[in-house]
Amino acid sequence: MSTAVAAAPAPVAEIDLSHAATDQILRRLGVVIGIGALIVMMLELPAVLVQPVYLARWPEIHLVSGYLMFAVLAIVSARGPVRAIRRAAGTAAVIYLAAAAVTPVLYSVTYIGSFASWPYRGLAVGALAAGLAWPRRVAAVFVALLATVAAISNVLVIPGSSMWTLVGDITRALGVAALFLWCVVYARAAAERVDREAIRQRVRAATVAATTAREREGARFAALIHDAVLSTLLEASRSAGSTPVLRRQAARTLEQLEQSRNAPEIDHFDAAATVEFLRDAVREVDPELPVQVSSRGADLRLPVESARVLGAALMEAVRNSLRHAGTPGRTVRRGLSVTIATGGIRVVLTDDGVGFDPARVPADRMGITGSILGRMRTLAGGAAFVESSPGAGTVVTLVWASDG
């Protein structure tokens, strides 16, 4: 069992906004596919109701059950969580496949004059649901299976069908299903490209802002050195001893230097600038450490001084992992996740190294007690947690919340 050392609790809200375009297209496609499938069901219902009773068992129940999950998909896409949309779409696609597979069991033949069974006519909605639910390769395999099953079951219930009819039905079904699947896959890929470009733009803007801030701070500090420090040294060189003017000028210079150190040009970092700041801090210690970012709100305003404390604690945590987590002949895997929400941030560093017992760490070991827990304890709204046990790796969590 792992042991945890904590500085102070400070929960951070979690609202994921890192895939805005992807989430939006999933919702819109889910609503359209769900409503479209229900429209197809209503159009198919009259043809199903006129099937000879002695040739079919509950045809209307068969039809409704095949399309019912699409109503759930429409509702979930409009009101539910994004992660539930894909599950609803996958369930709808699987149920539609099952309905197509059992068609020959329920029907001996379709009504005279009909060229195809309803699962075959409407297989496009199953392909659309599959494209919404799964990655493109999984969806492609499923759609190929759906088209084949629908074509085979269709041939079994259509009078006068032959092997050539089956080949033609499968070819037609694959072509139609592939077309509709491509539409969904292309829409999702476009949304993902939009999200990636938005992230790149935010990172680029944060980098430019950080560079500009450093340049301004450097210019301001250079001017201070020139106007205050050098003039004070020059006055000291001209005076044989300490004079009231020299003492006043020296005191003013020290005051200006202190203000320059504690009052930066920029007071707060937004979400993008915070991520870039923490990335830079980590790169100074371990350039190879992978960083996973989840941006959960655009209204974060992290004070620069708080960012410096957080960055310093994070750097010490990475250094500790590099120094103590390794064992000879084994590569230690490390990962860093940064979760940013409106009004808060959480940073989690993990490794699968040798681990340790936090309760046995000496009080004078500054790496954990002072440089990590101590730093975060002095930060308003800050907290730190160290969880570890021998042989089970280590997890260091740093959090900050604006409400303190």
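This passage describes the fold, the packing and selected side-chain contacts of a predicted protein model.

The protein has 404 residues, of which 43% count as buried. Its secondary structure consists of 12 helices and 8 strands. Contacts between distant parts of the sequence are frequent: among contacts that join residues at least 6 apart in sequence, 75% link residues at least 24 apart. The surface exposed by the protein amounts to about 21,500 Å², and carbon and sulfur atoms supply 63% of that area.

Helix α3 comprises residues 82-101. At 1.5 Å a residue, its 20 residues should span 28 Å, and the C-alpha atoms at its ends are 30 Å apart, so the two values agree. The buried residues of α3 include several alanines, among them A84, A88, A89, A92 and A93. The glycine G90 also belongs to this buried set, as do I85, Y96 and L97. The buried residues of α3 pack against six other helices, named here with their residue ranges: α1 (20-49), α2 (59-79), α4 (103-106), α5 (118-121), α6 (123-133) and α7 (136-157).

Helix α1, one of these partners of α3, contains both T22 and I35. With a relative accessible area of 7%, T22 falls under the 20% limit and is therefore buried. Apart from its neighbours within four places in sequence, T22 is in contact with R86, A191, E192 and D195. I35 has a relative accessibility of 44%, and it therefore counts as partly exposed. Together with I39 and L43, I35 makes a nonpolar surface patch of about 320 Å².

Strand β7 (residues 382-388) is largely enclosed by the rest of the structure, because 5 of its 7 residues are buried. This strand pairs with β8 (residues 394-401) in the antiparallel sense, over 7 bridges. Within the pairing, A384 stands opposite L398 of β8. The hairpin of β7 and β8 has 5 residues between the strands, and G391 in this hairpin takes a positive phi near 85°.

Helix α11 covers residues 304-324 and includes S306. The relative accessible area of S306 is 9%, which means that this residue is buried. When neighbours within four places in sequence are left aside, the contacts of S306 are L379 and W400. W400 lies within the residue range of β8, 394-401.

The count of salt bridges in the model comes to 6. Two of the salt bridges described here lie in α11. In one, the side chains of R308 and E305 meet with an N to O distance of 3.6 Å. These two residues are 3 apart in the helix, so about one helical turn separates them. R308 is partly exposed, at a relative accessible area of 36%, and E305 is likewise partly exposed, at 45%. In the other, E316 is joined to R319, and the closest N and O atoms are 3.4 Å apart. E316 and R319 are also 3 residues apart in α11, and about one helical turn therefore lies between them. The two partners of this bridge fall into separate classes of accessibility: E316 is buried, with a relative accessible area of 10%, whereas R319 is partly exposed, with 29%.

A further salt bridge is found in helix α10, which covers residues 271-285. Here R283 is bridged to D280, and the closest N and O atoms are 2.7 Å apart. Because R283 and D280 are 3 residues apart in α10, they are separated by about one helical turn. R283 counts as partly exposed at 41% relative accessibility, and D280 is partly exposed with a relative accessible area of 29%.

Notes. Residues are numbered from 1 along each chain as its sequence is written. This is a predicted model: local features need pLDDT of at least 70, side-chain atom pairs count only at pLDDT 80 or more; totals for chains, interfaces and linings use all residues. Side-chain values use heavy atoms; hydrogens and water are left out. Helices (H or I, at least four residues) and strands (E, at least two) are DSSP runs, numbered from the N terminus. Buried means under 20% relative accessible area, exposed over 50%, partly exposed in between (1.4 Å probe, protein chains only). Contact means heavy atoms within 4.5 Å. Accessible areas come from the Shrake-Rupley method with a 1.4 Å probe; for residues, only the protein chains shown count as cover. Two strands pair if DSSP finds at least two bridges between them. The expected span of a helix is 1.5 Å times one less than its number of residues. A salt bridge is a side-chain nitrogen of Lys or Arg within 4 Å of a carboxyl oxygen of Asp or Glu. Patches are made of residues with over 30% relative accessible area and no salt bridge: like charges are joined within 9 Å, nonpolar side chains (Val, Leu, Ile, Met, Phe, Trp, Tyr) within 5 Å.
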